[in-house]
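Dear colleague,

I am handing over the structure we spoke about, with the sequence alongside. Please look through it first; my notes on what was found follow below.

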Amino acid sequence: MTINVLTLFPEMFDALKHSVTGRAFDGEIVNFRAVNIRDYSKNKHFKCDDYPYGGGAGMVMTPQPIFDAVQAVDSEHSCRRIYLSPKGGTLTAAKAKELSACGDLLFLCGHYEGVDQRAIDLCVDEELSVGDYVLTGGELAAMVTIDALMRFVPGVLGSEQSAVDESFSSSSLEYPQYTRPRVFEGLKVPEVLVSGHHENVEKWRREQSRKITALRRPDLIKNET
Ligand code: 21W
């Protein structure tokens, strides 16, 4: 699987070189490429933005560098092309899982006030948002999406981690976890966890999950089928 990102700020994606995502790139389970849209500008100053027709505040990304960058990265239309946008459908675990099984991906990141609509019309299969709050651009949204989807790519998580039933994939919140020491700042690890009684441990964890989900996210329980 190859993940391509088109952005004016490719250095931001260095953040993915750490931890689980970084190891997946090193192990060539996932190939990652951040492409600078500016490299494709035909303007003599490599300009990539301009004033909005009709007026208004801020700048709009011009279509030419985006169109040419997309052609260069994906001329055969074999990538699923996603534009990170506040107007898109919201990222969920189900969407992340779907994207993880789509083959090669291309994420287009806007910055400033947005992207000329013609670049979206010509280059994009789907728009995707990460939630109802305003970011300064699509880059962090793309990183959130990439991190979430890579967890579903076989071999990215260690076998130990992938076996764990995680929040949202199992539609309930996690039980609290503890490690050494047994007592920290006067707070003890729950007795059942050090009892060595595996059945009781499992029962306690299920009960804790149920309680915290009912308290914090009753919507997850109602939505369970
Ligand atoms: C935010 C760009 C607001 C444009 C028309 C008239 C990508 C994002 C983003 C951004 C506007 C995501 C306007 C959740 C987000 C993103 C930057 C509005 C003003 N348009 N998910 N006036 N939140 N945000 N432009 O912000 O690119 S996914």
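In what order do the five strands of the open sheet lie, and with what pairing? Please keep in mind that this is a predicted model. The strands follow the order β2-β1-β6-β5-β7, and their pairing is parallel. At the edges of the sheet are β2 and β7, the latter spanning residues 126–129, and each of these two pairs on one side only. With direction ignored, neighbouring strands of this sheet are turned against each other by 30 degrees on average.

For the pairing of β7 in more detail, it helps to look at strand β5, residues 80–90, which is joined to β7 in the parallel sense over five bridges; glycine 89 has leucine 128 in β7 as its bridge partner.

Two helices are worth following against this sheet. Helix α2, which covers residues 63–73, packs on the sheet and touches β1, β2, β5 and β6, and the direction of α2 makes about 165 degrees with that of β1. Helix α5 lies across β1, β2, β5, β6 and β7, and α5 runs at about 155 degrees to β6.

Helix α1, residues 19–26, comes last in these notes. Its buried residues are Val20, Thr21, Gly22, Ala24 and Phe25, and what covers them includes β2, at residues 31–36, together with α5, at residues 139–150. Just after α1, glutamate 28 takes a positive phi of about 55 degrees.

With best wishes

Technical notes. Residues are numbered from 1 along each chain as its sequence is written. This is a predicted model: local features need pLDDT of at least 70, side-chain atom pairs count only at pLDDT 80 or more; totals for chains, interfaces and linings use all residues. Side-chain values use heavy atoms; hydrogens and water are left out. Buried means under 20% relative accessible area, exposed over 50%, partly exposed in between (1.4 Å probe, protein chains only). Helices (H or I, at least four residues) and strands (E, at least two) are DSSP runs, numbered from the N terminus. Contact means heavy atoms within 4.5 Å. Two strands pair if DSSP finds at least two bridges between them. Axes are lines fitted to C-alpha atoms, for helices over the stretch in contact, and angles run from 0 to 180 degrees between N-to-C directions.
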